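Here are my notes on the model, arranged as numbered points so that you can check each one against the coordinates as you read.

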Amino acid sequence: MISIVCPICKEECEHQVLREAAELVVQCSECGQIHRTPKPPEPRILTIRAIVSHETESQVCTVEMLADEVVSLGDQIAAECGDEVFGVEVTGIEVGAKRVRRAEAEAVTTLWTRGIEQVVVKASIHTGRTTLPLYQAAEGEDEFVVGEAYTFGGRRIRISHIKLRDGPVIRKEGWKTVARRVKRIYGYLDGRYQRRP
């Protein structure tokens with residue numbers, strides 16, 4: 001499902017994706033008409049160097065963030081260390097030679113973090129005009145299901161598709177995976193684009 005303006009009924013609403021090629025073939029949930037639409041651009045994602053401390057040991061890892069995302073001290077995010085993913089808390093932010101309390105991802109040169117027990121699941125949520133980055137701590141075996149609604153960062157979201165760590169994207173409603181396998185969840189704010197009575 002994607003949320004776009006239908007060229008036939010002019011409503012901004014959910015559309016079922018029927019086929020993906022150079023363009024998407026979609027069906028409007030308001031009027032039922034089928035039409036083509038350009039693929040929405042994926043947000044620009046940066047890979048930032050992160051030092052992850054686990055008690056007495058530290059390792060160099062990476063964190064993925066949207067280019068215009070803001071990171072602050074105390075944020076809980078996900079760090080990738082080789083094939084493993086750790087939930088981490090941000091303890092220091094370097095922008096060039098300076099240490100700051102918060103910064104846009106594009107300006108960050110290194111994040112200093114400490115490991116925490118849970119994994120942190122990343123989500124990119126389409127709000128109609130912008131993409132909102134959200135994070136949610138979860139146990140590694142917690143399930144996420146395409147088409148279901150969840151609370152992320154205090155907001156109710158509905159999942160449209162899930163990018164897995166080992167490559168594929170799952171889009172089919174009802175398909176599921178566990179938190180430790182999720183690279184990024186894509187979706188929209190629940191209720192924002194629902195049918196009007």
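**Notes on the cavity, the pockets and the charged contacts**

1. The lining of the largest cavity is made up of V85, V119, V120, V121, R165, A179, R180 and V182. This is a predicted model, and the search that found this space returned 1 cavity of 30 Å³ or more, with a volume of about 40 Å³ for the largest cavity. Sorted by class, its lining holds 6 nonpolar and 2 charged residues and no polar ones. Strand β13 supplies the largest share of that lining, with 3 residues.

2. Strand β13, which spans residues 119–126, also contains K122. Is K122 buried or exposed? Its relative accessible area is 2%, and K122 is therefore buried, since the cut-off for that class is under 20%. Leaving aside residues up to four places away in sequence, K122 touches E64, A78, E80, L134, Y135, F152, K183, R184 and I185, a list that includes the charged residues E64, E80, K183 and R184.

3. Some of those contacts of K122 recur among the salt bridges, of which the model has 9 by the rule applied. As general background, side chains of opposite charge can pair when their charged atoms come close. The side chains of K183 and E80 form one such bridge, with an N to O distance of 3.3 Å. This pair joins distant parts of the chain, because K183 sits in strand β20 (residues 182–189) and E80 in strand β8 (residues 76–81), 103 residues apart. Both K183 and E80 are buried.

4. Which residues are joined into one network by salt bridges that share partners? They are E64, E80, K122 and K183. For K122, the network membership can be read together with its burial at 2% relative accessible area, and I would suggest viewing these side chains as a group.

5. A further salt bridge lies between the side chains of E20 and R171, at 2.8 Å from N to O. Here too the pair links distant parts of the chain, with E20 in strand β2 (residues 12–20) and R171 in the loop between β18 (169–170) and β19 (176–178), 151 residues apart. E20 has a relative accessibility of 37% and counts as partly exposed, and R171, at 38%, also counts as partly exposed.

6. The side chains of R99 and E94 meet in another salt bridge, with 3.8 Å between N and O, a value to be read against the cut-off of 4 Å. R99 has a relative accessible area of 53% and is therefore classed as exposed, the cut-off for that class being over 50%.

7. The largest pocket has a volume of about 550 Å³. Its lining comprises 26 residues, and those that lie nearest its centre are P40, P41, E42, H126 and H161. The elements that contribute two or more residues to this lining are β1 (2–5), β2, β13, β17 (155–164) and β20. By class, the lining divides into 12 nonpolar, 8 polar and 6 charged residues.

8. The second largest pocket holds about 270 Å³ of space and is lined by 17 residues, with M1, Q16, S160, R171 and E173 nearest its centre. R171, named here, is the partner of E20 in the salt bridge of 2.8 Å. Strands β2 and β17 each give at least two residues to this lining, and β2 gives the most, with 5 residues. The classes are 7 nonpolar, 4 polar and 6 charged.

9. Strand β17 pairs with strand β16 (residues 149–152), to which it is joined by 4 bridges in an antiparallel arrangement. Within this pairing, T151 has R156 of β17 as its bridge partner. The hairpin of β16 and β17 has 2 residues between the strands, and G153 takes a positive phi near 50° there.

10. What is the phi of K10, which is not a glycine? The angle is positive, at about 65°. K10 lies in the loop between β1 and β2, and its relative accessibility of 61% places it among the exposed residues.

Note on methods. Residues numbered from 1 in each chain as written. Predicted model: local features only at pLDDT ≥ 70, side-chain atom pairs only at ≥ 80, totals over all residues. Heavy atoms only, no water. Buried < 20%, exposed > 50% of the residue type's maximum accessible area, 1.4 Å probe, protein only. Contact = heavy atoms within 4.5 Å. 1 Å grid on protein atoms, 1.4 Å probe; cavity = no way out; pocket = protein on both sides within 12 Å on 5 of 7 lines; lining within 4 Å. Points joined across faces, edges and corners; volume = space filled by probe spheres on them. Pairing = 2+ DSSP bridges.
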